[in-house]
Amino acid sequence: MKATMLITLLIALLLAPAIACANGGLPIIFLLNAYAFFLGSFFVIAIEVFYLKKLVEEHNKKFILKLVLKFNLFSTLFGVIALPIFMTIVRLEPIAYMIRSGTTEETMTFVWWASLSTDLLLAYFGTVLIEYTILKRSALFKEKYLPNILKKHVFIFNVYSYLFLIFIIILTYGYNVSLKL
């Protein structure tokens, strides 16, 4: 009982936005803060393992962690390579607008968060595509699920993962706003 409480307290402290400093999707976080990346990775993998274990027979559950690690490695590599390009493209227009118009800091903060949302959306769809492709080729899922059903499951467990990342981002935004007050 005490160990569970200590682990819960440790996790709560690690999720504090001052420590996590989460500023984007999991691959983006790595570029900004390796500690937050590893913390986020732990939770994303846990969420996806938990979800997928409900879809396979008992004797196949031991293979789920390896599969989740594999497709998260590929989707993270996608993020590390492709998302900085997306981030640059999405932010070019707001930067040009800021230079031309003498925009306020509050407006640019909103524009930055809006462009981050676009980055997360691009990351989400890229992740879903990569993870779906790997899952449909996996022996555990190849014969068991029709492609549309499997795609639906990939969309769902990634929604849970991204909701966790968005939660960290909201905490971080709130923390940053409170520092300015």
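A nonpolar core, as the term is used here, is a set of buried Ala, Val, Leu, Ile, Met, Phe, Trp, Tyr and Cys residues joined through side-chain atoms within 4.5 Å. Keep that in mind for what follows, and keep in mind too that this is a predicted model.

**The overall fold**

Let's start with the broad strokes. The protein chain has eight helices and zero strands, so the pattern read along the sequence is just α-α-α-α-α-α-α-α, with helices being DSSP runs numbered from the N terminus. There are 181 residues in the protein chain, and 41% of them count as buried. Contacts reach a long way along the sequence: among those with a separation of 6 or more, 71% are between residues 24 or more positions apart. On the outside, the protein chain exposes about 11,000 Å², with carbon and sulfur atoms supplying 74% of that area.

**The cores**

Now for the inside. The largest nonpolar core has 25 residues, and the ones with the most contacts inside it are L52, I64, F71, L135 and F141. Which elements give two or more residues to this core? They are α4 (34–53), α5 (64–101), α6 (105–137), α7 (139–142) and α8 (147–180). Helix α6 provides the largest share, with eight residues.

I64 makes a nice close-up. Leaving aside residues up to four places away in sequence, I64 touches V49, L52, K53, V56, L140 and F141. Two of these partners, L52 and F141, also sit on the list of residues with the most contacts inside the core.

Apart from the largest core lies another one, made of five residues, with L39, F43, F164 and L165 among them.

**Aromatic pairs**

The structure holds ten aromatic pairs. A pair of rings is described by the distance of the centres and the angle of the planes. Here are two of the pairs side by side:

| Pair | Centre to centre | Angle between planes | Geometry |
|---|---|---|---|
| Y51 and Y160 | 6.2 Å | 55° | tilted |
| F71 and F157 | 5.8 Å | 20° | stacked |

Why is the Y51 and Y160 pair called tilted? Planes under 30 degrees apart count as stacked and over 60 as edge-to-face, with the rest being tilted, so the 55° between Y51 and Y160 makes that pair tilted. By the same cut-offs, the 20° between F71 and F157 makes their pair stacked.

Both pairs also bridge stretches of sequence. Y51 lies in helix α4 and Y160 in helix α8, so their pair ties together parts that are 109 residues apart in sequence. F71 lies in helix α5 and F157 in helix α8, so this pair ties together parts that are 86 residues apart in sequence.

Buried or partly exposed, what about each ring? Y51 counts as buried because its relative accessibility is 15%, and the cut-off is under 20%. Y160, at 45%, counts as partly exposed. F71 is buried, with a relative accessible area of 0%, and F157 is buried at 0% as well. Y51, F71, F157 and Y160 form one aromatic cluster.

**Around Y132**

One last spot worth a look is Y132. K151 lies over the face of the Y132 ring, at 5.1 Å from the ring centre. The next residue to consider is K152, which lies in helix α8. K152 is partly exposed, with a relative accessible area of 44%. From C-alpha to C-alpha, K152 and Y132 are 9.3 Å apart in space, while in sequence they are 20 residues apart.

Note on methods:
Residues are numbered from 1 along each chain as its sequence is written. This is a predicted model: local features need pLDDT of at least 70, side-chain atom pairs count only at pLDDT 80 or more; totals for chains, interfaces and linings use all residues. Side-chain values use heavy atoms; hydrogens and water are left out. Buried means under 20% relative accessible area, exposed over 50%, partly exposed in between (1.4 Å probe, protein chains only). Helices (H or I, at least four residues) and strands (E, at least two) are DSSP runs, numbered from the N terminus. Contact means heavy atoms within 4.5 Å. Accessible areas come from the Shrake-Rupley method with a 1.4 Å probe; for residues, only the protein chains shown count as cover. Rings of Phe, Tyr and Trp (its six-membered ring) pair if their centres lie within 6.5 Å; planes under 30 degrees apart count as stacked, over 60 as edge-to-face and the rest as tilted. A charge sits over a ring if NZ of Lys or CZ of Arg is within 6 Å of the ring centre and within 35 degrees of the ring normal.
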